[in-house]
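Hi,

Here's the structure I promised to pass on. Have a look first, and my notes on the sheet and the helices follow below.

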Amino acid sequence: MATTSTEGLYGFLEAMGVEDPSFVSATKELYTNPQAIYFSHLAELIVQLTDCEKDIAYKSIVWANDMTHLVVVAPRLRLKGVDSEDLAADLQQRFPKSPLFGHPVNDGINLLFYFSNTHLARLLLSYVIDRGSSYGNSPLAEAPVEDGAEAQGHKVIVEFSSPNLGKAFTGLHLRSTIIGAFIASIYERLGWDVTRMTFLGDWGKHVGLLAAGWSRFGSDEQFDADPLRHLLDVYNQIEELFKKEQETAKHVPEGQDATEVSHEIEAERDDFFKKLEDGDEEALNLWRRFREVCIARYTELYARLGIRFDDYSGESDVSHETIEEVENALKEKGVYRESDGAWVIDINKNDEKHGAAIARFRNGTTTYLLRDVAAVLERSKKYSFDKMIYVVSVRQTTHFQQVFKVLDLMGRSDLAQRLDHIGFGDVHGLSPKEGTSGLLLGDILDQCADATKLALDTDEETAQLFAEQDPAKVYDGLGAINLMVDDLSSRRGGTFNFDLNKLANPGDYTGLNLQKWYTKLGSKLSGVEIDRGELENTDYSMFEGEDNSYADILRLLVQFPGIMKTSFERLESSQILTFLFNIIDFLPNVWEDEAEAEGSTRNLAKLAFYKCFQIVLENGMRTLGLVPLTA
């Protein structure tokens, strides 16, 4: 019987010998987290023996430090007038038999409960297979429920990557892309309606500078051949001239009239941006040409990482009407004023030096801050989101604090409370392709593909798994997985050290190793169908014994939903990856090649075990935003 319904789970546990499984109707968590079944059952038995509250009994149960068994911390039961040592001894003596655990062990103050391996296998294998791709979801990590509404369907926008038109794709853009893909994936797996958005830097003074460069260095032929590379070259050339112009203006020789110093590039930059904001068709046509081709190219590059965006938004999309709406609201609140020809927002009136932020420059053009605030209003109208997450470097923490504060000043605290900035640390080790003027996403992916080829050249076993596939696609796909795992393995707030030498060497804690075992499991299970009816009555003796590697792995697999819950609460990918690497460390201990153990893998319990392992590995990888290679 399927364990996905109350009746099914009740009957399943009853058939296993659990005398009163009525606790299965107490909480939804039992249907997404098998660990909760063990905690709830144990708590019920404690309540029967002590008459303490159910939630107190539940909270007294913890995993042992080595994660091999459960511990009931007797002092946490808070029974008045009862000595903890006496309580542990008394409970051990009176504890009833349970098919889920062996008899408890008294360590002097706590009770230790070791799993019944065969019953753990009987329950967990059916439980995981019943859920398949949904195994790992946790109701404690769902969207907030309001007024009795279902959590499913709550909307979140995840904004990430967000490169700038004409500029290099920096390490911070790379981390935003990888971490943002993970955050979007884990929200999606936990039932949220996710919109993946990249907010292109396609407006502002840097676009005006790019246009100034195009008039001097632009080539239609080179642009058509490689648009991102040519625009970067053009931008770098004009930026170099612009910096020289600025430097000259700062050091006017004594006796020379400062007004005679050239500001040609600066004036051309500002003039083009002003034309864009004023709707000049010629300026807009050039800008559209750049933008449309760049979006098409970025779409292809993101696909190499297995990443898609639902909305290629940009600063340019913010309407004049919404910007005026923001300005009018700020004027009404008395926090928007003219200052030396520019318009500023009084974000903190108590700080005369840093308390105001520029919203419009002296020539009337808008700033990133004003456009970002207006974008929040437009996205709220378009998507009616419940939450919006900006995945951007911690270097921009001040900017997002200003965005949230401006919304508060406008009287839109309701919107500000739905926004979150998820920051991350710096990136070291990235360098441009030799002979080029700067870094592009394609360069990074090519470097990773080349490094992965070197890794496969030294790992014949793994290389053989992909021998029949297109080598270029294999190197590219594995290179992307290797890169993403390398970043996601580290804590978000720390520094990511990009190291091609690491990617070029096969190792246990790499994306290449995850994919290797995913492929081997897929090969072993090719054509296998698990009959759930037969599974309930099969022989589970292979899981018996104290030193049993199969059972060791089961005790890890049962913890996967808890790992997912913690990872979601902290938005830390490293916890999921640490878990995946831990279970893979055990897999060689139970791996049997057909040539070595002829016919042994046809054992139904063993096949179900491998199937559950594959499900957890794939669910973990996809939650991280990885796209496993398939044959």
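The centrepiece of these notes is an open sheet of 5 strands in the order β7-β6-β5-β11-β12, with parallel pairing (strands are DSSP E runs of at least two residues, helices H or I runs of at least four, both numbered from the N terminus; two strands pair if DSSP finds at least two bridges between them). The edges are β7 (311-314) and β12 (419-422), each pairing on one side only.

Bear in mind that this is a predicted model: local features need pLDDT of at least 70, side-chain atom pairs count only at pLDDT 80 or more, and totals for chains, interfaces and linings use all residues. Residues are numbered from 1 along each chain as its sequence is written, and side-chain values use heavy atoms, with hydrogens and water left out.

β6 (residues 193-200) and β7 pair in the parallel sense over 4 bridges, and D311 in β7 is the bridge partner of M197. Helix α11 (residues 281-304) packs on the sheet, touching β6 and β7, and its direction makes about 135° with that of β7 (contact means heavy atoms within 4.5 Å; axes are lines fitted to C-alpha atoms, for helices over the stretch in contact, and angles run from 0 to 180 degrees between N-to-C directions).

α11 also packs with helix α7 (residues 205-217), at an angle of about 100° and with the axes 11 Å apart. That makes the two roughly perpendicular (65 to 115 degrees). V207, L210, A211 and W214 of α7 meet L286, W287, R289 and F290 of α11.

Cheers

Conventions: Parallel < 35°, antiparallel > 145°, perpendicular 65-115°, else oblique.
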